[in-house]
Amino acid sequence: MTQEQLAQKLGVSAQAVSKWESGTNMPDILMLPDLSVIFGVTIDELFTMTDEHRMARIENMLYDVRFLSHDEFRQYEKYLKDLQTKPEHGAEAGLLLAMLYNKRANEYHELAKPLARAALQQLPGRKDAHNAIFDAEHGPYQDWNFINHGELIAFYQTVTAQHPEDIRNYFWLLDLLIADHRTAEARDYAEKMKAVEHSYHHEMYMGYICQAECNLPDAMDWWQKMLERSPDKWQVWFEYGSIMAKLGRYADALTYFRKCQPMRPAPRFTDCEDAISQICVILGDIDGAIEAQKQMLNIMQEDWSTEGESVDSILREIQRLERLKS
């Protein structure tokens with residue numbers, strides 16, 4: 001294609017195209033869609049973007065966009081599958097592809113929620129409607145053979161054996177063992193974790209193990225030791241607040257969540273505010289919940305300069321809470 005032909009298609013002068021080719025000027029950003037159509041490439045391909053940049057862009061998109069279009073999803077899926085064939089990027093591309101699939105699943109769950117709820121209201125007593133709601137909103141089934149984590153526990157036991165010095169493996173494995181009340185095994189792994197690094201996590205998990213064994217007094221003793229070991233860590237006070245919330249002691253939970261708020265360094269996470277908002281709703285304090293959501297919004301904007309879905313989801317929740325007041 002000559003400069004004149006391209007210029008005619010875009011409605012610009014041949015001299016303008018010549019300047020683009022020589023690098024003395026660049027096309028207006030509004031021309032990029034037309035250029036991508038004319039040359040049969042994506043807009044990304046018009047730029048010199050490294051694989052690292054494109055992967056970072058996809059990862060950001062996973063958090064910043066609420067719903068992907070069908071074309072966007074297929075485009076990212078194909079790119080990541082192709083990238084898996086490159087040895088230097090295969091593992092990272094595979095992880096990002098898993099995150100993309102999880103996002104797609106969550107998108108479909110989000111779409112299913114209002115449909116399943118409406119169906120149950122119109123078809124009361126339908127077991128499959130209840131199942132659709134629980135599947136979409138991760139409801140707590142009680143059938144042991146359905147909810148136990150035996151297969152996943154076996155996987156994490158293998159990973160932990162392969163990487164015994166990685167303390168985070170123990171966190172995930174202990175969570176699973178305690179959830180399944182496999183407390184004898186959990187005690188063994190808690191001691192192995194302690195040998196790698198003795199942090200407040202040891203006391204925290206020992207408390208959860210005792211709780212799973214229906215021994216709340218000993219659990220409370222362990223959690224008190226956790227506070228005494230690391231009183232300067234905001235994470236410890238947050239964990240204690242979470243424990244109180246799971247015990248239904250909501251007033252105490254609010255106290256500890258609020259205690260940890262000023263202790264957090266920048267950039268702050270919004271876990272405290274999110275927990276406070278949810279507890280306020282449970283207690284019927286809608287104004288308190290709205291205030292906590294506004295605090296979340298300020299943190300996202302001030303500490304993270306975040307836009308997109310991370311902010312939009314907070315705004316939607318504020319609107320939902322405002323409707324509850326009316």
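Biologist: What makes a side chain count as positive or negative here, and how many of each does the protein have?
Modeller: Lys and Arg count as positive and Asp and Glu as negative, while His and the chain ends are not counted. By that rule there are 34 positive and 52 negative side chains. Each charge is placed at NZ of Lys, CZ of Arg, CG of Asp or CD of Glu, and the centres of the two sets turn out to lie 3 Å apart. Do keep in mind that this is a predicted model: local features need pLDDT of at least 70, side-chain atom pairs count only at pLDDT 80 or more, and totals for chains, interfaces and linings use all residues. Residues are numbered from 1 along each chain as its sequence is written, and side-chain values use heavy atoms, with hydrogens and water left out.

Biologist: Fair enough! How many helices and strands does the protein have?
Modeller: It has 18 helices and zero strands, where helices (H or I, at least four residues) and strands (E, at least two) are DSSP runs numbered from the N terminus.

Biologist: And how do you know whether the protein is spread out or a compact globule?
Modeller: Set the radius of gyration, taken over C-alpha atoms, against the globule rule, 2.2 Å times the number of residues to the power 0.38. For 326 residues the rule gives 20 Å, and the protein's value of 26 Å is well over that, so it is more spread out than a compact globule. Along its principal axes, the C-alpha trace spans about 85 × 55 × 45 Å.

Biologist: Why is His181 called buried or exposed?
Modeller: The cut-offs are under 20% relative accessible area for buried, over 50% for exposed, and partly exposed in between (1.4 Å probe, protein chains only). His181 has 52%, so it is exposed. His181 sits in the loop between helix 10 (167-179) and helix 11 (183-196), and its phi is positive, near 60 degrees, although it is not a glycine. Across the protein, buried residues make up 36% of the 326.

Biologist: What makes Ser305 worth a look too?
Modeller: Ser305 also has a positive phi, about 50 degrees, without being a glycine. Most residues other than glycine have a negative phi, and most peptide bonds are trans. Ser305 lies in the loop between helix 17 (286-303) and helix 18 (309-325), and its relative accessibility of 61% makes it exposed. As for peptide bonds, Ala266 and Pro267 are joined by a cis one, with omega about -5 degrees. Pro267 is in the loop between helix 15 (250-260) and helix 16 (271-282).

Biologist: On to the rings: how many aromatic pairs are there, and why is Phe134 with Tyr141 called stacked, tilted or edge-to-face?
Modeller: Rings of Phe, Tyr and Trp (its six-membered ring) pair if their centres lie within 6.5 Å; planes under 30 degrees apart are stacked, over 60 edge-to-face, and the rest tilted. The structure holds eleven such pairs. Phe134 and Tyr141 have centres 5.4 Å apart and planes at 65 degrees, so this pair is edge-to-face. Ring pairs also link Phe134, Tyr141 and Phe146 into a cluster. At 32%, Phe134 is partly exposed, and Tyr141, at 22%, is partly exposed as well.

Biologist: What makes the pair of Trp237 and Tyr256 stacked, tilted or edge-to-face?
Modeller: Their ring centres are 5.9 Å apart with planes at 15 degrees, so the pair is stacked. Trp237 is in helix 14 (residues 234-246) and Tyr256 in helix 15, so the pair ties together parts 19 residues apart in sequence. With 11% relative accessible area Trp237 is buried, whereas Tyr256, with 21%, is partly exposed.
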